[in-house]
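The following exercises introduce a structure through worked solutions. Please study the sequence and the model before attempting each task.

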Amino acid sequence: MRTLRIIAGLTLREAVRRKIVLAALVMGGLFLTVYSVGFYYMNQDIQRHANVISMVAMKEMRNFMLLAGLYVVNFLTIAMAVLTSIDTLSGEISSGTVQTLVAKPVRRWQIVLGKWIGFVVLLTSYLLLMAGGVMVIVLVISGQHAPKPFLGLSLVWLNGLLLLSLSFFGGSRLSTLANGVLAFGLYGIGFVGGWIEQFGWLAGKPAAVKVGILSSLLFPGEALWKRAAFELQSPLVKTLGISPFTSASPPNAMMIGYAVLYAAVILALAVHKFSRRDL
Amino acid sequence: MHETHPAIETIGLRKAFGEKVAVEDLSLRVERGEVFGFLGPNGAGKTTSVKMLLGLCAPTAGKGFLLGRPVGTSAALGKVGFLPEHFRFHDWLKAHEFLFVHGRLYGMKEGVLKSRVPELLELVGLQAHAEKRLSEFSKGMLQRIGLAQALLNDPEVVFLDEPTSGLDPMGRRLVRDIIRDLKSRGTTVFLNSHLLSEVEVTCDRVSFVKHGRVVQTSPLKSLMNGMLNVEIRADKLTAETLEGLRRWTATVDRAGDTIRLRLAEESCLPDIHRFLVQQGADVYSLSPQRISLEELFVQIVGSEVGL
């Protein structure tokens with residue numbers, strides 16, 4: 001436990017010292033400012049037409065804006081998960097920094113997991129700031145909140161952890177650049193697969209749905225977002241089944257379970273490889 | 001730990017990276033309290049050997065023990081210090097933080113480190129730079145802080161891989177003094193080095209390695225004593241005289257009035273002189289010259305350039 005805490009602490013200190021935290025705070029603050037200004041004016045516009053559009057439609061429009069904000073937050077979270085951690089293993093292996101760590105009476109899995117925990121803390125804080133910020137802005141300006149915020153955010157969080165574990169998996173065996181290609185490449189496959197599946201469902205093409213599911217199995221990141229968006233959208237849109245941010249056929253609980261298992265397995269593979277490779 | 005075990009013992013340790021064999025067959029025994037020099041050209045497998053001993057890379061075959069524990073387990077590493085050849089550290093840490101973190105990784109208590117860290121900074125002459133980040137350090141300063149890091153836990157065995165490569169003469173002297181100090185405290189030092197002048201003044205015993213195989217291991221003293229070049233300048237040398245010299249040595253080179261001999265010991269010099277005079281030679285000078293470790297190195301390892 002002590003070693004895990006030391007390594008996690010070291011990871012956090014690195015993020016602070018190398019100004020990653022500062023940059024994330026400044027850019028996150030800017031994002032939330034832009035978002036709040038935008039939402040404020042949109043909301044004003046919606047209210048001005050309160051006499052011609054129904055309450056239900058007003059609610060839908062706001063929820064749409066909320067989801068748009070969270071969609072960007074989801075993307076930023078996974079990008080942060082990959083970009084901040086991409087060279088934490090491969091970089092320290094190639095520079096040799098890892099040698100003095102490994103030659104201490106510590107286990108290699110402690111180094112990998114310690115780092116992972118450090119990044120999880122960073123990622124969680126970032127997500128809470130950004131997604132929490134978006135939700136609070138919407139709540140304060142319009143008094144509206146998402147139907148299932150905690151479930152939705154947990155799924156976005158899981159998406160971040162999935163990408164983080166993927167970046168560790170690649171970092172334990174690939175160079176930093178190849179790892180980046182792997183992480184975003186896999187995410188891209190899952191992403192496009194999600195759209196193919198939605199198209200297939202709407203157009204009644206079972207083959208396309210199958211391709212979509214297969215690509216989600218290859219990498220379930222986008223599936224997690226689709227489920228998160230499904231939980232965060234209004235019951236009406238859920239029933240209608242059409243929205244640009246979510247799928248007409250949301251991934252089921254099995255797919256979520258699969259994503260959790262996927263993350264656990266690739267993290268375990270990262271530990272396994274790092275523990276056995278020559279440094 | 002097991003006091004009776006040697007500090008380091010390896011039996012047929014081998015490391016191959018695919019087709020390329022880095023260490024062919026390493027069999028070594030380093031006793032406790034020895035300062036052991038591990039010498040060889042670039043690419044002889046010195047660093048790979050150290051990495052195997054510390055569990056940084058896994059042997060392809062053979063066995064190795066560090067303080068009686070099998071290599072590759074972290075059991076013995078708590079009593080070991082290591083300064084890698086290509087020392088790179090988390091350079092966003094301040095010097096004292098760096099030592100503190102590494103001390104914690106050794107399992108040292110914060111209270112102990114509060115006194116140990118300043119002590120070590122002083123030992124390596126960096127006390128004035130405790131608050132500086134390592135990114136502001138010069139190569140020599142990094143090597144010093146790396147050395148301090150290797151001594152944090154008051155280790156029983158210290159591995160130094162080219163510890164003076166980035167140091168100026170003052171820094172080298174410092175390393176020499178530290179090694180002497182470690183020796184006086186009974187610490188085993190395993191020194192990888194090209195800088196033979198350094199090995200000459202610090203090591204008790206040396207191994208020469210070539211292509212990942214130990215070519216020769218000897219106590220440094222006997223190695224240095226055992227070899228003597230003698231240059232004789234004399235006139236009236238006959239073929240018979242030259243032949244007669246072979247009773248002391250196999251290598252007799254003549255160039256004009258100068259003869260070069262290689263002797264096993266100094267004690268035969270007066271006999272040689274007497275013999276030459278008896279043979280009617282006029283001896284102008286007879287000068288013994290100690291062979292430097294560098295010369296020995298070239299002889300033992302071969303003059304081909306290491307890769």
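**Exercise 1: The nonpolar cores**

Leaving aside residues up to four places away in sequence, F159(B) touches I8(B), V50(B), L53(B), L54(B), L66(B), V80(B), G81(B), F82(B), L83(B) and F190(B). The model in which these contacts are found is a predicted one.

Task: State which residues of the largest nonpolar core touch the most other members, and which helix contributes the largest share of this core.

Solution. Step 1: the largest nonpolar core holds 153 residues, and those touching the most other members are I145(B), F159(B) and L293(B). Step 2: helix α6 of chain A, residues 108–142, provides the largest share of this core, namely 15 residues. Step 3: another core, of 17 residues, lies apart from it and includes V230(B), L242(B), F275(B) and L276(B). As a general background, nonpolar side chains tend to be buried together in soluble globular proteins.

**Exercise 2: The interface of the two chains**

Task: Describe how chain A and chain B meet, beginning with the residues in contact and ending with the elements of chain A that take part.

Solution. Step 1: on the side of chain A, 27 residues are in contact with 28 residues of chain B. Step 2: about 2,600 Å² is buried between the two chains, and carbon and sulfur atoms give 59% of this area. Of the area that chain A buries against chain B, 24% is supplied by R17(A), K104(A) and P105(A), more than by any other three residues. Step 3: three salt bridges are found across the interface. R13(A) forms a salt bridge with E97(B), and their closest N and O atoms are 3.6 Å apart, where the cut-off is 4 Å. In addition, 13 residue pairs between chain A and chain B are in polar contact. Step 4: the elements giving two or more residues to the side of chain A that touches chain B are α1 (2–17), α4 (90–95) and α5 (97–102). Of these, α1(A) gives the most, with nine residues. Step 5: by type, the residues on this side of chain A are nine nonpolar, six polar and 12 charged.

**Exercise 3: Two residues with positive phi**

Task: Locate K19(A) and L67(B), and decide whether K19(A) is buried or exposed and whether L67(B) is buried or exposed.

Solution. Step 1: K19(A), a residue other than glycine, has a positive phi near 60°, and lies in the loop between α1 and α2 (20–48) of chain A. Its relative accessible area is 52%, so K19(A) is exposed, the cut-off being over 50%. Step 2: L67(B), also not a glycine, has a positive phi near 55°, and lies in the loop between β4 (61–66) and β5 (69–70) of chain B. Its relative accessible area is 0%, so L67(B) is buried.

Terms used
Residues numbered from 1 in each chain as written. Chains lettered and ligands numbered in written order. Predicted model: local features only at pLDDT ≥ 70, side-chain atom pairs only at ≥ 80, totals over all residues. Heavy atoms only, no water. Contact = heavy atoms within 4.5 Å. Buried area = accessible area lost by both parts, 1.4 Å probe. Salt bridge = Lys/Arg side-chain N within 4 Å of Asp/Glu carboxyl O. Polar contact = N/O pair within 3.5 Å; in protein donor to acceptor, adjacent residues only side chain to side chain. Helix = DSSP H or I, 4+ residues; strand = E, 2+ residues; numbered from the N terminus. Nonpolar A, V, L, I, M, F, W, Y, C, P; charged D, E, K, R; others polar. Core = buried A, V, L, I, M, F, W, Y, C linked by side-chain atoms within 4.5 Å. Buried < 20%, exposed > 50% of the residue type's maximum accessible area, 1.4 Å probe, protein only.
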